[in-house]
Amino acid sequence: MSRAFCHGLLILSSLPLATAAEIDLPLCDCDGDGLWSIDSIRNWQKVSDFLIAAAYFSIPLELLYFVTCSNLFPFKWILFQFSAFIVLCGLTHLLNVFTYKPHSFLLVLALTVSKFLTALVSFLTAITLLTLIPQLLKVKLRENFLRRKARELDREVGLMKRQEEASWHVRMLTQEIRKSLDKHTILYTTLVELSKTLQLQNCAVWMPNENELEMNLTHELNGRRGSSDHDTLSIPMDDPDVAHVKKCDGVEILDPESMLGRASSGMVGGSGAVAAIRMPMLKVSDFKGGTPEVLQACYAILVLVLPENDTRAWSHHELELVEVVADQVAVALSHAAVLEESHMIRDKLAEQNKVLLQARKNVMMANEAWNLFRKIMNQGIRSPIHSILGLLSIMQQGNLTPEQRLIVNTMAKTGGVVSALINDTLEINSEHFTLEMKPFQLQPLIKEAACIARCLCDSRGFGFGFQVENKFLDQVIGDERRILHVLLHIIGGLLNGSNGGCMTLHVWSDSELENLRDQRWVWRSKFSNVNSCVKFEMAIRRSLCSNSSSSVQHDRKQNGEGFDMGFFSFGMCKKLVQLMQGNICIIPSCHGLPECVTLLLRLPLQPPMPISDLEGPMERRHRSSCSSSSLLEGLQVLLVDDDGINRKVTHKLLEKLGCCVSPLSTGAECLSSIGTSGTQFQLVILDLNMPMMNGYEVATKVRDMRTGCRPLIVALTASTEEHVWERCEKSGMNGLIRKPVVLPELERELIRALTT
């Protein structure tokens with residue numbers, strides 16, 4: 001269409017030329033003298049042709065300079081064509097200057113050639129323009145397109161610059177946050193950097209309180225100036241803005257007049273646009289029992305306020321920056337919280353470790369003190385008591401008067417009680433008590449307890465009364481020493497709690513227990529024909545002076561807790577009684593002191609024995625000595641014990657039984673004697689608790705010896721633990737004798753070892 005338009009213009013331009021040739025215009029009269037004379041017109045034409053020629057010659061020079069200096073124009077050849085056209089036009093006008101005077105044929109010929117060339121170049125230029133104009137229009141469109149693309153590219157570059165600037169601010173803020181792991185430093189650094197970057201009026205951080213019912217203003221960039229509205233420092237958790245912000249993931253725009261917006265403005269006056277975003281707060285406890293996504297999260301709220309006179313609104317770029325910063329702050333706060341809790345846990349562990357080290361030191365000191373106490377008790381009390389009991393067993397075998405035998409038997413009984421008490425004391429840490437269940441006569445035990453109680457009362461100035469309701473069965477099975485031990489401790493405890501009065505000991509048997517039950521005593525076991533039930537009631541009636549002096553004592557509990565009975569506490573005595581299928585009850589007086597103690601025991605009856613077993617002790621002792629004399633007479637025994645006194649006493653006991661004894665003090669001497677001595681020992685008695693080499697090691701090495709006849713080995717120990725015999729069997733021993741070593745038990749164990 002543009003090409004047709006150009007052709008139309010060319011045709012319209014040729015019409016005036018044809019019209020001028022056909023119409024006869026009147027000739028001008030230029031022969032007069034004046035401004036418009038022929039000479040004047042010719043001069044003006046000469047000047048005009050000259051100026052036109054000068055202009056035509058200068059324009060090609062300018063076009064040539066443009067072509068040589070520019071590489072952007074795509075149609076350089078058309079410029080050369082225009083330059084030629086303009087030069088020829090200028091040449092034509094220059095030649096016309098010389099035609100106004102008489103001129104030669106050569107000038108006319110040159111002018112004709114110049115005009116012909118000008119016409120030819122003009123016609124070619126016109127035709128060229130018809131084909132060039134559409135291309136020039138395309139160049140214009142392309143220019144507009146490129147210009148539009150350039151503007152879009154400028155916008156994208158500006159956006160990228162803003163994003164790069166935002167990322168730079170985020171990196172800078174992140175670096176500032178990571179410089180510290182303190183929660184307050186992180187928050188204040190965030191508020192300051194956000195205020196500088198976004199030109200804010202105020203920044204505020206709201207955190208929930210302990211019960212999560214309110215949001216408290218904990219950190220603020222600009223403090224309050226002259227504000228007395230203290231209730232704005234906390235906002236209820238059910239506030240609509242608070243609830244809405246906590247539910248949304250991104251930034252929320254708030255009303256400046258809202259409660260959260262006004263409280264975060266930091267000034268009494270108004271504020272600009274307000275934005276808020278939540279920040280999750282994680283702790284170490286959030287990871288216990290589940291992941292933070294499963295547990296109910298705890299959120300803080302970051303509020304940003306623009307200046308009051310600032311008309312700008314929050315842009316998308318600024319909101320993205322706030323979201324990124326909030327995420328970074330949440331991560332930093334979580335790290336700070338975890339670090340803070342780890343420091344607290346570390347301090348607690350350090351404190352606990354310090355306490356444990358002190359406790360360990362105390363335990364080690366207590367163990368050292370306990371070991372020293374056991375050593376002193378063993379060497380200073382238990383070993384002498386065992387030696388005394390061994391010598392008393394020898395005296396019991398001699399010819400004594402009834403009075404002497406009573407004294408020796410009482411000493412042996414009392415010594416047995418003391419020995420059991422010492423054993424219990426040395427094994428008190430294990431809280432494990434064992435009973436030695438053997439047949440014994442109950443009536444002599446009651447008489448012996450009454451005799452000792454009378455002696456104690458007489459020595460302290462107390463009266464004593466003793467009453468037995470009916471006759472007891474002679475033979476029962478139980479731990480005779482433990483029963484006497486408990487009775488004496490109860491009596492001693494009652495005497496220790498009073499300064500004067502009268503002690504009574506009342507004993508009932510099976511037939512009278514049913515009638516004597518009252519509301520304060522409950523016995524839930526069913527009596528049977530195979531058990532003998534005995535009830536001991538020990539009461540003390542205090543004198544008036546005793547009551548007045550004891551009224552300042554502390555109150556005691558009716559169940560007996562805290563009742564001190566000498567060396568043993570009530571709990572230990574109760575445990576011993578419960579092991580014997582019994583029970584114990586303490587009745588306090590009006591002053592809180594024990595006034596009456598009731599002890600109920602259920603002892604199994606001894607099964608019927610053959611007539612031969614019904615002999616008296618003297619007859620049984622005579623028969624046993626006669627039957628065992630053939631086995632023990634001349635028996636070669638090697639006695640190994642590091643305690644010199646016990647070794648001598650055991651030596652005497654073995655000689656009393658008719659044995660030939662070789663005493664030694666160490667395990668090394670024992671091994672040397674068995675390996676090199678020409679005497680063939682038939683029996684070796686080893687103390688288990690020897691220094692350097694204990695009895696287990698000696699027995700193992702004796703069993704490993706390649707001798708023709710290996711001796712029997714019997715262990716000797718003061719321990720009451722049950723697993724001792726198991727270790728003895730594993731070491732290859734044949735018997736076990738527990739200290740104190742008395743003649744009947746020594747004889748019985750040796751015969752058992754020899755016969756089995």
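**Local contacts and overall organisation of the predicted model**

In this predicted model, Arg727 is positioned over the face of Tyr696, at a distance of 3.9 Å from the ring centre. With regard to rings that meet other rings, the structure holds one aromatic pair. In general, such a pair of aromatic rings is described by the distance of the centres together with the angle of the planes.

At the level of the whole chain, the protein comprises 20 helices and 20 strands, and buried residues account for 38% of its 756 residues. When contacts between residues at least 6 apart in sequence are considered, 70% of them join residues that are at least 24 apart. The UniProt record, in an unreviewed entry, places the feature "transmembrane region" at residues 44-66, 78-99 and 105-133. In the model, the span of residues 44-66 is 100% helix and 0% strand, with its end C-alpha atoms lying 33 Å apart. Residues 105-133 are likewise 100% helix and 0% strand, and for this span the end C-alpha atoms are separated by 41 Å.

Two aspartates that contact each other were examined in the later part of the chain. Asp641 is found in the loop that runs between strand S16 (636-640) and helix H16 (644-656), and it counts as buried because its relative accessible area, at 1%, falls under the 20% cut-off. The side chain of Asp641 reaches the backbone nitrogen of Asp643 at 3.1 Å. Not counting residues up to four places away in sequence, Asp641 touches Asn646, Arg647, Leu664, Ser665, Asp687, Leu716 and Lys739. Asp687, for its part, lies in strand S18, which covers residues 683-687, and it is the position at which UniProt, again in an unreviewed entry, places the feature "modified residue: 4-aspartylphosphate". With a relative accessibility of 4%, Asp687 is also counted as buried, because this value is under 20%. The residues touched by Asp687, with those up to four places away in sequence left out, are Val640, Asp641, Asp642, Gly695, Leu716, Thr717 and Lys739. Leu716 and Lys739 thus appear among the contacts of Asp641 and also among those of Asp687.

Helix H16, which follows the loop holding Asp641, has 13 residues and reaches 18 Å from its first C-alpha to its last, close to the 18 Å expected at 1.5 Å a residue. The N-terminal end of H16 is capped by Asp643, a side-chain oxygen of which lies 3.2 Å from the backbone nitrogen of Ile645. Within the helix, Asn646, Arg647, Val649, Thr650, His651, Leu653 and Leu654 are buried. In an α-helix there are 3.6 residues a turn, so residues three or four places apart point the same way. The buried residues of H16 pack against two other helices, H8 (316-396) and H20 (743-755), and against the strands S16, S17 (660-664) and S18. Asn646 and Arg647, which are buried in H16, are also among the residues touched by Asp641. Just after H16, Gly658 takes a positive phi of about 95°.

Two further buried positions were found earlier in the chain, one in a strand and one in a helix. Glu220 has its place in strand S2, at residues 214-220, and it is classed as buried because its relative accessible area of 15% is under 20%. The side chain of Glu220 is joined to that of Asn202 by a polar contact of 3.0 Å. Apart from neighbours within four places in sequence, Glu220 is in contact with Tyr188, Leu191, Asn202, Cys203, Ala204 and Gly266. Val242 is found in helix H6, residues 240-247, and counts as buried at 1% relative accessibility. Its contacts, not counting residues up to four places away in sequence, are with Met215, Ile235, Pro236, Met237, Leu260 and Ile301. Of these, Leu260 is 18 residues from Val242 along the chain, and the C-alpha atoms of the two residues are separated by 7.4 Å.

The segment after H20 contains Thr756. This residue is exposed, because its relative accessible area of 71% is over 50%. The C-alpha atoms of Thr756 and Gly735, which are 21 residues apart along the chain, are separated by 9.9 Å.

Key
Residues are numbered from 1 along each chain as its sequence is written. This is a predicted model: local features need pLDDT of at least 70, side-chain atom pairs count only at pLDDT 80 or more; totals for chains, interfaces and linings use all residues. Side-chain values use heavy atoms; hydrogens and water are left out. Rings of Phe, Tyr and Trp (its six-membered ring) pair if their centres lie within 6.5 Å; planes under 30 degrees apart count as stacked, over 60 as edge-to-face and the rest as tilted. A charge sits over a ring if NZ of Lys or CZ of Arg is within 6 Å of the ring centre and within 35 degrees of the ring normal. Helices (H or I, at least four residues) and strands (E, at least two) are DSSP runs, numbered from the N terminus. Buried means under 20% relative accessible area, exposed over 50%, partly exposed in between (1.4 Å probe, protein chains only). A polar contact is a pair of N or O atoms within 3.5 Å; within protein, one must be able to donate a hydrogen and the other to accept it, and residues adjacent in sequence count only if both atoms are side-chain atoms. Contact means heavy atoms within 4.5 Å. UniProt positions are given in the numbering used here, feature names are shortened, and annotations may be inferred rather than shown by experiment. The expected span of a helix is 1.5 Å times one less than its number of residues.
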